[in-house]
Amino acid sequence: MPDSTLEAMAKNHSFWQHQYGPYTANKSLPTGHYQADIVIVGGGFTGLTAAREIMRDSPDKHVMVLEANEIGFGASGRNGGFNMTLFGMEPETTIMRWGKQKTKEAQRYMQQAVAYVNNLIENEKLDSDYEHTGMWRVAYTNSQEKRLKKTYALLTDIAKPNSYEFYDQHMVRKKLNAPQIKSAIYEPETGILDPCKHVRALKQLAEDAGTNIYENTPVIDIRKSINGTIIKTHHAQIKAKKVILATNAWSHTLPGPKKIQNRQRPAWTYQIVSEPLTKEEWKTLGWQDRMSIEDNRQFVHYLRITTCGRITIGGGDIGYEYGKDMNKWHDPKIWRALEAHFRWLFPTLKHKKFDCQWGGAVSVNFDMTPEIGFIGDENIIYSNGCIGHGVSLTQLNGRLIADLALGIDSELSRFWIVNRNAVPVPPGNLLPYLGVKAVVGVLKGVDWYEERGKIDR
Ligand SMILES: Cc1cc2nc3c(=O)[nH]c(=O)nc-3n(C[C@H](O)[C@H](O)[C@H](O)COP(=O)(O)OP(=O)(O)OC[C@H]3O[C@@H](n4cnc5c(N)ncnc54)[C@H](O)[C@@H]3O)c2cc1C
């Protein structure tokens with residue numbers, strides 16, 4: 001691995017941040033007392049899209065974005081880049097918890113979200129390396145295939161016509177030399193992007209619309225005051241009429257309002273990227289359609305091609321922490337497991353090396369459903385619970401949050417995840433930790449059962 005890549009990892013950078021090259025962050029918020037119409041805490045997809053949409057609708061507003069690190073540091077700059085329609089964990093869990101009508105509405109929202117991202121990139125000519133490639137969801141074993149067929153039936157029932165196709169092994173083999181894949185659901189209306197380029201392009205759009213963005217400016221206190229909210233950083237204080245908490249997996253670490261601290265907890269997911277493939281290797285592999293791929297395990301693996309001719313693979317096991325720490329950036333055991341899965345999946349690429357590895361936190365709430373809510377008098381809006389599927393979701397959420405902040409009654413602002421009754425995280429550190437451990441254990445058991453004796457990596 002080149003020294004510069006090692007350096008990037010040491011700084012907890014993702015491959016995408018590394019590939020981006022030199023980046024000059026905006027200056028942090030200078031010492032002083034300020035007033036703003038709206039302060040947005042967190043500069044990822046959610047915060048930046050909300051900022052831009054607010055400014056487009058209401059250019060006279062004074063909107064400030066405060067980002068604790070540099071733009072691209074959060075999940076938005078380190079994800080797989082799948083612009084996809086999966087809502088929450090699985091359609092099966094959504095339907096079980098929320099019923100068919102709400103699952104249909106969620107599916108419609110997600111299809112709209114993918115289109116929102118696609119149109120934004122096209123209309124604004126964003127340099128996000130976007131490819132509208134389509135996606136496969138694949139099964140490796142008979143049990144997984146049986147479940148995949150049920151998922152296909154469910155998805156075709158809740159989504160608009162022609163959203164999905166089912167590929168048997170014969171069709172799969174025509175398109176990809178991955179003999180372990182038994183069958184796939186193909187979803188054409190999805191795509192892949194470079195998340196770091198994209199989130200920094202969103203920063204530019206938000207600034208062009210008139211937003212003031214401050215990087216390396218952590219918020220250290222949030223308190224209600226007469227006619228507004230006081231937001232403190234290390235050197236400054238702002239009085240804001242409205243506040244948007246767009247801190248996703250960090251939300252439980254925010255100081256101030258108690259409610260935000262029990263909405264979600266982080267789960268860590270890890271990725272690795274291969275060295276570039278040769279022309280000959282691509283030819284042997286097929287993959288000409290460049291579709292992204294997820295398997296249908298409980299602990300999914302996700303794979304895709306990069307524009308520079310590599311393959312990234314992520315997922316498998318996850319990391320979780322005791323208490324409020326946010327430090328699980330590295331997990332060599334999971335990285336090695338990802339390498340093993342890659343080699344098992346692509347026997348023709350067994351010899352490939354891996355150039356970069358990283359991790360990142362996704363926001364998981366206890367009923368596995370995204371949530372947008374209010375604190376107190378509706379002047380503080382929060383959003384979290386992407387469950388690892390937030391590239392499209394959080395950007396349309398940004399538009400939705402703009403509607404809420406501006407008091408616009410719209411189809412988006414009436415989406416049922418707004419102000420829903422989320423199951424709070426149990427109090428303290430021990431109960432949430434044991435709860436996550438128990439759920440992880442059960443889901444691992446399902447994977448073991450469905451793959452027993454069939455998969456030998
Ligand atoms: C490894 C990985 C792979 C993923 N792959 C996919 C995928 O392929 N497809 C998909 O749909 N989703 C994927 N996701 C999920 C997706 O990336 C997220 O849902 C989405 O980026 C969340 O955006 P966000 O703006 O809400 O949060 P983030 O991008 O996490 O932004 C939150 C920001 O808040 C800042 N912050 C935190 N605390 C403070 C504070 N006190 N003061 C100021 N700022 C603060 C953080 O620094 C951070 O930048 C993946 C996530 C990870 C980690």
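Is Glu124 buried, exposed or partly exposed? The views below take up that residue and then the ligand, all in a predicted model.

**View 1. Glu124 sits in helix H4.** The helix covers residues 91-124. Glu124 counts as partly exposed because its relative accessible area is 33%, which falls between the 20% limit for buried and the 50% limit for exposed.

**View 2. Glu124 has company from elsewhere in the sequence.** Leaving aside residues up to four places away in sequence, Glu124 touches Arg52, Arg56, Asn119 and Leu205. Ala201 is worth finding here too: 77 residues separate Glu124 from Ala201 in sequence, yet their C-alpha atoms are 9.6 Å apart in space.

**View 3. The ligand is surrounded by 39 residues.** Look for Thr46, Glu67, Ser76, Gly80 and Val391, the closest of them. By type, the shell splits into 18 nonpolar, 19 polar and two charged residues. Helix H3 (45-57), strand S12 (265-274) and strand S16 (354-364) each chip in at least two residues. S16 gives the largest share, with three.

**View 4. Zooming in on N and O atoms around the ligand.** The side chain of Asn69 places an N or O atom 3.1 Å from a ligand oxygen. For Phe82 it's a polar backbone atom that lies 3.1 Å from an oxygen of the ligand. Over at Val219, a backbone N or O atom is 2.9 Å from a ligand nitrogen. As for cover, the ligand exposes 1,000 Å² when taken alone, and the protein buries 97% of that.

Methods: Residues are numbered from 1 along each chain as its sequence is written. This is a predicted model: local features need pLDDT of at least 70, side-chain atom pairs count only at pLDDT 80 or more; totals for chains, interfaces and linings use all residues. Side-chain values use heavy atoms; hydrogens and water are left out. Helices (H or I, at least four residues) and strands (E, at least two) are DSSP runs, numbered from the N terminus. Buried means under 20% relative accessible area, exposed over 50%, partly exposed in between (1.4 Å probe, protein chains only). Contact means heavy atoms within 4.5 Å. A residue is near a molecule or strand if one of its heavy atoms lies within 4 Å of it. A polar contact is a pair of N or O atoms within 3.5 Å; within protein, one must be able to donate a hydrogen and the other to accept it, and residues adjacent in sequence count only if both atoms are side-chain atoms. Accessible areas come from the Shrake-Rupley method with a 1.4 Å probe; for residues, only the protein chains shown count as cover. Ala, Val, Leu, Ile, Met, Phe, Trp, Tyr, Cys and Pro count as nonpolar, Asp, Glu, Lys and Arg as charged, and the others, Gly among them, as polar.
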